[in-house]
4 protein chains.
Amino acid sequence: MSEQIGFIGLGNMGQPMAQNLLKAGYALRVYNRSSSKAESLVTQGAQPVSRAGDVVEPGGIVVTMVANDSALESVVSGEGGFLERLGPNGIHLSMSTVSPATARKLAELHAKHGSMYLAAPVFGRPDAAAARKLYISLSGPQAGKERVKPILNALGQSVYDFGDDPGAANVIKLTGNFLIASAMEAMAEALTLAEKNGIERSKVINMFGQTNFACPIYQNYGKTIAEERYTPAGFLLSLGLKDMNLVLQTAESAQMPMPFASLLHDRFMASVARGRGDMDWSALAMGVSEDAGLQK
Amino acid sequence: MSEQIGFIGLGNMGQPMAQNLLKAGYALRVYNRSSSKAESLVTQGAQPVSRAGDVVEPGGIVVTMVANDSALESVVSGEGGFLERLGPNGIHLSMSTVSPATARKLAELHAKHGSMYLAAPVFGRPDAAAARKLYISLSGPQAGKERVKPILNALGQSVYDFGDDPGAANVIKLTGNFLIASAMEAMAEALTLAEKNGIERSKVINMFGQTNFACPIYQNYGKTIAEERYTPAGFLLSLGLKDMNLVLQTAESAQMPMPFASLLHDRFMASVARGRGDMDWSALAMGVSEDAGLQK
Amino acid sequence: MSEQIGFIGLGNMGQPMAQNLLKAGYALRVYNRSSSKAESLVTQGAQPVSRAGDVVEPGGIVVTMVANDSALESVVSGEGGFLERLGPNGIHLSMSTVSPATARKLAELHAKHGSMYLAAPVFGRPDAAAARKLYISLSGPQAGKERVKPILNALGQSVYDFGDDPGAANVIKLTGNFLIASAMEAMAEALTLAEKNGIERSKVINMFGQTNFACPIYQNYGKTIAEERYTPAGFLLSLGLKDMNLVLQTAESAQMPMPFASLLHDRFMASVARGRGDMDWSALAMGVSEDAGLQK
Amino acid sequence: MSEQIGFIGLGNMGQPMAQNLLKAGYALRVYNRSSSKAESLVTQGAQPVSRAGDVVEPGGIVVTMVANDSALESVVSGEGGFLERLGPNGIHLSMSTVSPATARKLAELHAKHGSMYLAAPVFGRPDAAAARKLYISLSGPQAGKERVKPILNALGQSVYDFGDDPGAANVIKLTGNFLIASAMEAMAEALTLAEKNGIERSKVINMFGQTNFACPIYQNYGKTIAEERYTPAGFLLSLGLKDMNLVLQTAESAQMPMPFASLLHDRFMASVARGRGDMDWSALAMGVSEDAGLQK
């Protein structure tokens, strides 16, 4: 008989991830704030529940993939949350992008109840999630890692372990998004400089994507930014702003300035103020073009 | 009988490039400001000359690989320069990193004398030059490109053609160095944030170098910046500052701001002011660590 | 018979302010977290109390001058706070530098209890407070303003009314500190440029302080920065960092980037990371000198 | 009989300055590239000449007030320039805003011909020039300063002497314009933050202009930026960009970064790229409003 696990958060990412767990043979109880999102999973065999706390049996495993820090805190320790029910030997496999501070705080809370908090945020967009191609950074108590291994293998292509600190995996996730945003701004400036010198944007990224920067971020976002197609959004620009704020808060706690992050924050903020929060976060490049006097 | 070509500039890059031309069967006349640099090439069959103008016969080909804009202008049109001698049908294959403005100016000068200026700056360090692994961006009059093709093939692994504008290939070269510097600063900030959160720098770049950023710049400079080994220099930090100034001048002519480039300029400048001009340009990361209060 | 008022917060600023109220004939009950600070005031006639809530009678007036947002929330609505006791017709004259968001939140809380929250943060250092030379920005319900007028006149030289929004006066206070910090950074860069050109720092600020910038901030901070005397602190650099964070949070809520504020934040943060949090906030200029390669 | 002096450059500033010299009793020979500008001065008694070199007798005094570095070099040592004619004991009183590097170079050139170069750039707009209210920074050989004293007194309200280095007075002029631009950006950010919090822009600058920042720059530019009236231009935004470039070049020579100057450069550049080069340089504030999502 297959192991039963709880899954909370059925958005663009959670949906295909839950599906992969079903395919891998897990019995799933699913919860989402707006229950309509659970329907297609239910037709595939998942069992819907109406309170977060009902997804799991004492000592079981809950996977969460929710929108932000407060949504996560709410399903854990808010009204109807699963914290008390999970109890001794229970594992919370937390895969959302949240702040290291929130991760550390929730880890303490779980510890008090005898359960374990494992941070396992992921890299990849919904199509990568569907294809089990996610990259996963993992941290938290060693004891729990062995048990969740098959689950992680059903969701992603590789797992990187960053030790015991429950905040560590989230630091990694945030630095990853910071590196991506930095690469996007750099490409936007570079391609605009080329354009203003009469060179076709696509030819430039084509060269770099085949040579020094032959890797997914430069190839994929490079193409988007070269072609200036910022809708539909793969990842909302407003979430990009949220993540830069998490990066800056984490830097604040660690006592260090991050000048590129400050600049990226300001770029995203100006983009949101100009009404681009619902475009793809690569639309930060529109600000670069405008500041160059290019009307698109 | 093998074709004769002239080669000017026998520094860290020019030396192995000239050698590859000899190996490919070209008869070389070589010139370097300090003539001692020519010695090892002479033992391999190159013929040294004492004036830049003597490296070439009328209508021939001259390859230049010199330190900067003024050195290039000097060997072309300074005293003893090759401009007048080169004459009709002659080709100047200019492979140094110089400003697009200088390239355009020299191209006009050659056109007046009936010769052609081809811009062909390269990506790669001395070991890549020795291994014929350079990437080459090319621009200038189409007529000349066919004739230099075998030469470029003897020097690099691929050539990207950016059209007629003699400045275009140099714009590409500068945007490339700008992208690299941006990646280095972003990695420095990311790794320092990780370090201040108790995570080992090398583990972070190890993950990203295998996943989203699985490309040479992030793998190689990532390793350097993770291990904080900034000597010996592969590319001098003082030259990094020079290149950021070329980027900013090109942006000035094109009328656009480049905020990342401004910030990188300021980072390199502070590094030079603190006496790090002779370290590798990845030593810009030391400033990130210092601003985080880390004493190394 | 003189009116009785409560006064909470007897730090560097609160001390001389409370004294001026005594001199103006008010009967003062005073509270401070560490009660020893009240001693000198008690010898001058103030009556010490041991709980914040005891400084005031129902319907009375409480003046607060505490360190930060959480200290303010604590004396208002924390254990032993004065909120419930103050009640209908009571006035809380809040003179600390806190965020507009906190001010708005506390104003609502007071409204629920029938009392009024008036924001009245001040500009000036302890010596200005002692000399009744503070500038005061005021906002909140009009009804309360008439009643506190004599109190404000006993404390400062002029009052500027910014309307009903209880957050407005704090926005003004934060923009003021932002303008000061901007002027300090600008002066630091200007004087260092002069110094590196062989010009004496003091001569430069002497000219500007007598001409285009003949106003207190440039004259006083200009002298400090020219002479590079950053101790003892008039205003702690760590509080400067705190205030830049308040500025940036307020800008975040208002949805706008503030690039100068981002840069100042990063400058203050690097200064704190290097161990300068206890120096005067004008010590941000040390970072400018260091980045210029000057060892002091 | 009145002393004869030459005056070159009859633009917005030069015109009223020349007029004041006539009123002070000097016999003027005047030269301007486009001769029509001389007409009104001629009716007041000035004698027009058609070559720069004709404004002065050997050993005399020439005052220059031209647009930029190259215009200055042209009237000095270009065809028809006054350098050779000026000769031993001659004084060139150079009042334009040029780079310290140009000043130093011209000073050497004069020294070779036995004449003296005095740098005396001015602070103030055309109305201040007309009213003899200019502030003047002065540097160069002491020997010449005594002789030009009455001329400077006829032009401005005070003179600040910065020693022998002919570049020093221009460093001062550039730092002054940098301080002004910094103050404008800071005010723009501050007033926009207030506006987005529902506070009237004018009320904010009204308070600060009466208190901590009670000086001309904050009062005058503060009013302009509060009211957002950026035409007609008192000082062209395109010249503001030019001056920030001079500041950055001077910092480059001195080996120091100036992060505020870099940011101001980028702000001015984006403003020029968006077509605002002919507005007043305070129109940099429009970029702040736009980035805040405010359409004006």
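In chain A of this predicted model, three strands form an open sheet in the order β7-β8-β9, and their pairing is mixed. Two of these strands, β7 (122-123) and β9 (156-161) of chain A, are edge strands, each pairing on one side only. From this sheet, the tour moves on to the nonpolar core and then to the contacts that chain D makes with chains C and B.

**The sheet in chain A**

- Let us start with a little background: strands of a sheet pair through backbone hydrogen bonds, either parallel or antiparallel.
- β7(A) and β8(A) run antiparallel and are joined by two bridges.
- A:Val122 has A:Ile136 in β8(A) as its bridge partner.
- To get from β8(A) to β9(A), the chain passes through helix α7 (residues 142-155) of chain A, and this β-α-β crossover is right-handed.
- The pairing between β8 (residues 134-138) of chain A and β9(A) is parallel and spans five bridges.
- For A:Tyr135, the bridge partner in β9(A) is A:Ser158.

**How strand β8 of chain A is covered**

- Is β8(A) mostly covered or mostly uncovered? This strand is mostly covered, with five of its five residues buried.
- On one side of β8(A) lie A:Leu134, A:Ile136 and A:Leu138, all buried.
- On the other side are A:Tyr135 and A:Ser137, which are buried too, and both faces of the strand are therefore covered.

**The nonpolar core**

- In soluble globular proteins, nonpolar side chains tend to be buried together.
- Here, the largest nonpolar core holds 440 residues.
- Which residues touch the most other members of this core? They are A:Met187, B:Met187, C:Met187 and D:Met187.
- Looking at chain B, and leaving aside residues up to four places away in sequence, B:Met187 touches B:Ile205, B:Tyr218, B:Tyr221, B:Gly222 and B:Ile225.

**Where chain D meets chain C**

- Chain D can be superposed on chain C by a rotation of 180 degrees with 0.0 Å of shift along the axis, giving an RMSD of 0.1 Å.
- The two copies are thus related as by a two-fold rotation axis.
- Within chain D, D:Cys215 has the C-alpha nearest this axis, at 2.6 Å from it.
- Each chain brings 55 residues to the contact between D and C.
- On the chain D side, the elements giving two or more residues are β8 (134-138), α8 (168-196), α9 (201-210), α10 (216-227), α11 (237-254) and α12 (259-273) of chain D.
- Which element gives the most to this side of chain D? That is α8(D), with 18 residues.
- Sorted by class, the side of chain D that touches chain C has 36 nonpolar, 13 polar and six charged residues.
- Of the interface residues of chain D, 100% are also interface residues in chain C, so the copies meet through the same surface.

**Where chain D meets chain B**

- A turn of 180 degrees and a shift of 0.0 Å along the axis lay chain D on chain B with an RMSD of 0.0 Å.
- Of the C-alpha atoms in chain D, that of D:Ser262 is nearest this axis, 3.1 Å from it.
- Both copies use the same surface here, as 100% of the contact residues of chain D recur in chain B.
- How many residues does the contact take from chain D and from chain B? It takes 10 residues from chain D and 10 residues from chain B.
- The chain D side of this contact divides into seven nonpolar residues, two polar ones and one charged.

Terms used
Residues numbered from 1 in each chain as written. Chains lettered and ligands numbered in written order. Predicted model: local features only at pLDDT ≥ 70, side-chain atom pairs only at ≥ 80, totals over all residues. Least-squares fit on C-alpha atoms with pLDDT ≥ 70 in both. Contact = placed C-beta atoms within 7 Å. Pairing = 2+ DSSP bridges. Helix = DSSP H or I, 4+ residues; strand = E, 2+ residues; numbered from the N terminus. Nonpolar A, V, L, I, M, F, W, Y, C, P; charged D, E, K, R; others polar. Buried ≥ 20, exposed ≤ 12 C-beta atoms within 10 Å, placed from the backbone. Right-handed = clockwise from strand over helix to strand, strands pointing away. Core = buried A, V, L, I, M, F, W, Y, C linked by C-beta atoms within 7 Å.
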